[in-house]
Amino acid sequence: MTANSPDTAAEATASSSLYEVHKKIYPKAVTGLFATWRWVLVWFTQALYYGLCWLPWNGRQAVLFDLVERKFYLFGLVFWPQDVFYLAVLLIISAYALFLFTAVAGRLWCGYACPQTVYTEIFLWIEQKIEGDRNARMKLDAAPMNGAKLAKRALKYGLWGLLSIWTGFTLVGYFTPIKTLAQEAVSLSFGPWEWVWIVLYSGFTYGFAGHLREQVCKYMCPYARFQGVMFDPDTLVITYDEERGEPRGTRKKSADHKAEGLGHCVDCGLCVAVCPTGIDIRKGLQYECIGCAACIDVCDQVMDKMAYPKGLIRYSTENALAKHWGAKDIVSHVARPRILLYSAILVAITVAWIWGLATKPSLRVDVIRDRMTLAREVEDGLIENVFRLQVMNVSETRQRYAVSVTGLERIALMGEPIIELASASNKNITFQVRVPPESAGKGSHTIYFDVKSLADEKVAVHEKAIFLMP
Ligand code: SF4
Ligand code: SF4
């Protein structure tokens with residue numbers, strides 16, 4: 001079949017793409033109250049992310065997931081693998097808080113604090129500084145490649161790259177002490193896993209914030225898909241007041257819009273131009289809306305220029321729009337039964353978690369009977385069992401502990417009963433325990449190991465074990 005055959009022509013006519021071709025979005029820069037809040041959050045979250053790993057605490061890094069030592073340091077707290085429960089509950093609290101805030105105020109997280117939003121904002125800021133605002137960037141993209149365009153592109157991609165590498169390096173700095181990592185960086189002598197994660201996370205940051213941007217929110221983020229089920233008619237969302245804005249239309253500033261049969265929307269299109277996901281909020285609530293409030297800022301400026309009241313696009317609720325509620329009514333509907341129940345559960349879990357942390361023991365002891373060494377008769381006819389004690393000093397100070405054993409008449413602990421442990425460390429120690437044969441009959445008998453801090457007798461563990469008499 002030739003390229004010009006009738007069959008080929010018919011197929012070409014009948015075929016159509018199942019996928020919408022992605023159109024690049026060029027969000028216009030915006031200023032205003034909510035833009036300021038977004039930048040406050042950008043500074044806050046990034047100061048935290050890039051700075052926290054450099055913070056020293058008690059001679060070590062304040063926040064460190066030490067995978068080699070299998071310990072997680074969080075300021076004065078040290079979590080061991082046995083403490084995974086605390087981290088699991090912390091994740092539950094975070095997820096639950098996110099659900100609660102979404103039910104109250106919609107996509108606050110997406111609009112202000114999500115890393116995808118924050119990095120896109122920073123990358124976009126770099127792009128705007130180098131290539132200009134929306135129109136200039138559109139013009140530059142359409143222009144043929146020349147020296148000036150190449151220089152701008154190289155500078156933009158270079159800065160994006162540096163920021164991405166710094167971001168990847170910082171992430172790994174929470175798992176490998178950042179000062180060690182910085183020394184390795186000088187000679188590029190990172191370990192294999194450090195390389196993998198630095199390259200991966202840098203690549204994700206660059207790709208997601210530099211190129212994919214709103215597509216991550218629209219097509220990849222699962223939260224965008226299921227957050228709708230957390231909304232109800234009293235959830236605060238960013239809405240266009242259709243009743244007030246329509247019929248939309250252009251007009252002179254001096255015109256009497258009522259006489260012209262027009263609402264307050266001047267159909268300037270600025271709310272669409274600033275939108276990072278490229279949607280038109282005037283079409284109603286859409287899952288693509290990340291709640292960034294850029295359209296509120298820009299529309300308020302238009303309303304100011306036209307001498308109309310602000311808030312044609314604003315934070316409101318479905319019920320408030322339908323029933324013409326003011327701010328007081330909206331606030332009074334925050335405390336609805338569902339929200340109160342969510343809040344009560346969240347407070348209960350959080351209090352229990354804090355209480356658990358506050359009372360977390362600073363000494364842990366595990367006693368295991370040595371299965372390799374059966375109960376045996378030793379010198380003087382004594383019966384000996386061997387036990388292995390794993391002693392964990394979970395505190396932030398060096399400790400000395402006294403070990404003793406009770407439970408049977410004339411039971412004795414052989415070996416050094418005082419053990420010393422550095423802060424946040426553990427030790428496995430083997431103890432022989434001996435008992436005269438007349439102290440107990442054949443079979444298994446309960447004995448107790450007591451491990452007590454010499455500095456604070458309240459720090460003590462009383463642990464059960466089984467002694468076998470042959
Ligand atoms: S920015 Fe405001 S006035 Fe302009 S089109 Fe959007 S809703 Fe209408
Ligand atoms: S519609 Fe408004 S709030 Fe939603 S993403 Fe676009 S600019 Fe942000």
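## Around ligand 1

Start with ligand 1: 16 residues surround it, and C265, C268, L270, C271 and C299 come nearest (near here means that the C-beta atom, placed from the backbone, lies within 6 Å of the molecule). This is a predicted model, in which local features need pLDDT of at least 70 and side-chain atom pairs count only at pLDDT 80 or more, while totals for chains, interfaces and linings use all residues. Residues are numbered from 1 along each chain as its sequence is written, with chains lettered from A and ligands numbered from 1 in the order in which they are written.

Two or more residues of this shell are given by each of α13 (270-273) and α14 (294-306), where helices are DSSP runs of H or I with at least four residues, strands are E runs of at least two, and numbering goes from the N terminus. The largest share, 3 residues, comes from α14. Sorted by class, the shell around ligand 1 has 11 nonpolar, 2 polar and 3 charged residues (Ala, Val, Leu, Ile, Met, Phe, Trp, Tyr, Cys and Pro count as nonpolar, Asp, Glu, Lys and Arg as charged, and the others, Gly among them, as polar).

## Around ligand 2

Ligand 2 has 14 residues around it, and the closest are C275, I281, C289, C292 and C295. Its shell splits into 12 nonpolar and 2 polar residues, with no charged ones.

## Where α14 meets α2

Back to α14: it packs with helix α2 (residues 33-52) at an angle of about 145°, and the axes are 7 Å apart. Axes are lines fitted to C-alpha atoms, for helices over the stretch in contact, and angles run from 0 to 180 degrees between N-to-C directions.

On the α2 side, L33, F34 and A35 meet A294, I296 and D297 of α14; contact means C-beta atoms, placed from the backbone, within 7 Å. By class, that contact has 5 nonpolar residues, 1 charged and no polar.

## The little sheet

There's also an open sheet of 3 strands in the order β3-β4-β5, with antiparallel pairing (two strands pair if DSSP finds at least two bridges between them). β3 (63-66) and β5 (77-79) are the edge strands, each pairing on one side only. Direction ignored, neighbouring strands are turned by 10° against each other on average.

β3 is joined to β4 by 4 bridges, and L64 has Y73 in β4 as its bridge partner. The hairpin of these two strands has 4 residues between them, and R70 takes a positive phi near 55° there. On to β5: 3 bridges join it to β4 (residues 71-74), and L74 stands opposite L77 in β5.

Notes:
Two residues are in contact if their C-beta atoms, placed from the backbone, lie within 7 Å.
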